[in-house]
Amino acid sequence: MIICSNCEHTNIAGAMFCSECGAQLGTGDSLTTQNIATAQVKEALGKRSAVAVPLPPTTVNNWATLHLLDTGQVLPLSERNEFTLGRISEGQPIMPDVDLSPYQAYASGVSRLHAVIKREADRIMLMDLGSSNGTYINGKRMNPNSEQALGNGDVIALGKLKIQILLKSV
């Protein structure tokens with residue numbers, strides 16, 4: 001068993017992240033990075049010079065992406081016009097559409113159901129759902145339960161978790 005240094009939750013052996021708060025467990029010394037030379041990859045592919053890998057459908061038709069500034073992770077939004085942003089918590093009956101738990105959401109003050117981002121015709125709107133630690137657009141705090149338009153490159157903060165909005169040109 002591994003005990004989380006952030007919330008002191010007991011996790012199963014071998015877990016990399018806390019199942020309660022999402023914090024990284026241990027020091028990561030057990031993870032190793034390996035260098036793979038291009039020649040080794042070509043050899044493994046049967047000496048084919050190039051392999052076309054199709055992009056997942058969620059990245060091809062996305063109308064916006066959420067660029068998490070602390071980790072560099074990019075989360076595409078596609079297929080639907082509305083997404084709730086938040087974090088999953090044990091025993092929570094309603095789940096957010098975009099779970100930010102793996103990105104230190106609990107430690108950053110992200111509420112379980114923090115905000116909604118939606119596409120309305122030619123506008124992208126954001127609404128804070130009455131979160132505990134607030135939602136900010138370019139450093140300015142939003143009023144709860146009121147919508148505000150987003151522009152390409154705007155930085156939103158859900159609590160302390162900063163996300164840049166990248167909108168697809170139409």
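**Figure 1. Strand S3 side by side with S13.** Start at Leu68, whose bridge partner in S13 is Ile163. This is a predicted model, so read every close-up here as a view of a prediction. S3 covers residues 64–68 and S13 covers residues 161–167, and the two pair in the antiparallel sense over five bridges. Walk along the pair and you'll find His67 standing opposite Gln164 in S13, and Thr65 bridged to Leu166 in S13. How much of S3 is buried? Four of its five residues are, leaving the strand mostly covered.

**Figure 2. Thr65, with a partner in S4 as well as in S13.** Thr65 has its place in strand S3. In S13 its bridge partner is Leu166, and in S4 it stands opposite Pro76. The contact list for Thr65, leaving aside neighbours within four places in sequence, reads Val74, Leu75, Pro76, Gln164, Ile165 and Leu166. Is Thr65 buried or exposed? Its relative accessibility is 10%, and the cut-off for buried is under 20%, so Thr65 counts as buried.

**Figure 3. Two hairpins, each with a glycine at positive phi.** S3 and S4 pair in the antiparallel sense over four bridges. Their hairpin has five residues between the strands, and Gly72 there takes a positive phi near 85°. The other hairpin joins strand S12 (residues 155–158) to S13, antiparallel again, with four bridges. Here Leu158 has Leu161 of S13 as its bridge partner. Two residues sit between S12 and S13, and Gly159 in the turn has a positive phi of about 65°.

**Figure 4. The six-stranded sheet, end to end.** Pull back from the hairpins and the strands line up as S4-S3-S13-S12-S9-S10, an open sheet of six with antiparallel pairing. Which strands are at the edges? They are strand S4 (74–77) and strand S10 (140–141), each pairing on one side only. As background, strands of a sheet pair through backbone hydrogen bonds, either parallel or antiparallel.

**Figure 5. The five-stranded sheet, with mixed pairing.** This open sheet has five strands in the order S6-S5-S7-S8-S11, and its pairing is mixed. Strand S6 (98–99) and strand S11 (147–150) stand at the edges with a single partner strand each, so one side of each has no neighbour in the sheet. Within the sheet, strand S5 (residues 82–86) and strand S7 (residues 113–120) run antiparallel and are joined by five bridges. One pairing to pick out is Leu85, whose bridge partner in S7 is Ala115.

**Figure 6. Thr84 and the backbone of Asp97.** Thr84 is found in strand S5. A polar atom of the Thr84 side chain lies 2.8 Å from the backbone nitrogen of Asp97. Setting aside neighbours within four places in sequence, Thr84 is in contact with Met95, Pro96, Asp97, Val98, Leu113, Ala115 and Val116. At 17% relative accessibility, against a cut-off of under 20%, Thr84 counts as buried.

**Figure 7. Ile117 and the largest nonpolar core.** Which residues have the most contacts inside the largest nonpolar core? They are Leu66, Leu100, Ile117, Ile156 and Ile163, in a core of 25 residues. S3, S4, S5, S7, strand S8 (123–128), S12 and S13 each supply at least two residues of this core. There's also a second, separate core of five residues, including Ala15, Cys18, Ala23 and Leu25. Zoom in on Ile117: not counting residues up to four places away in sequence, it touches Trp63, Leu66, Leu77, Asn81, Glu82, Phe83, Leu85, Ile124, Met125, Leu126, Leu150 and Ile165. In general, nonpolar side chains tend to be buried together in soluble globular proteins.

**Figure 8. The whole chain, for orientation.** The secondary structure comes to three helices and 13 strands. Of the 170 residues in the protein, 34% are buried. Take the contacts between residues at least 6 apart in sequence: 34% of them join residues at least 24 apart. The accessible surface comes to about 10800 Å², and 51% of that belongs to carbon and sulfur atoms.

Terms used: Residues numbered from 1 in each chain as written. Predicted model: local features only at pLDDT ≥ 70, side-chain atom pairs only at ≥ 80, totals over all residues. Heavy atoms only, no water. Pairing = 2+ DSSP bridges. Buried < 20%, exposed > 50% of the residue type's maximum accessible area, 1.4 Å probe, protein only. Polar contact = N/O pair within 3.5 Å; in protein donor to acceptor, adjacent residues only side chain to side chain. Contact = heavy atoms within 4.5 Å. Areas by Shrake-Rupley, 256 points an atom, 1.4 Å probe, with all protein chains shown as cover. Core = buried A, V, L, I, M, F, W, Y, C linked by side-chain atoms within 4.5 Å.
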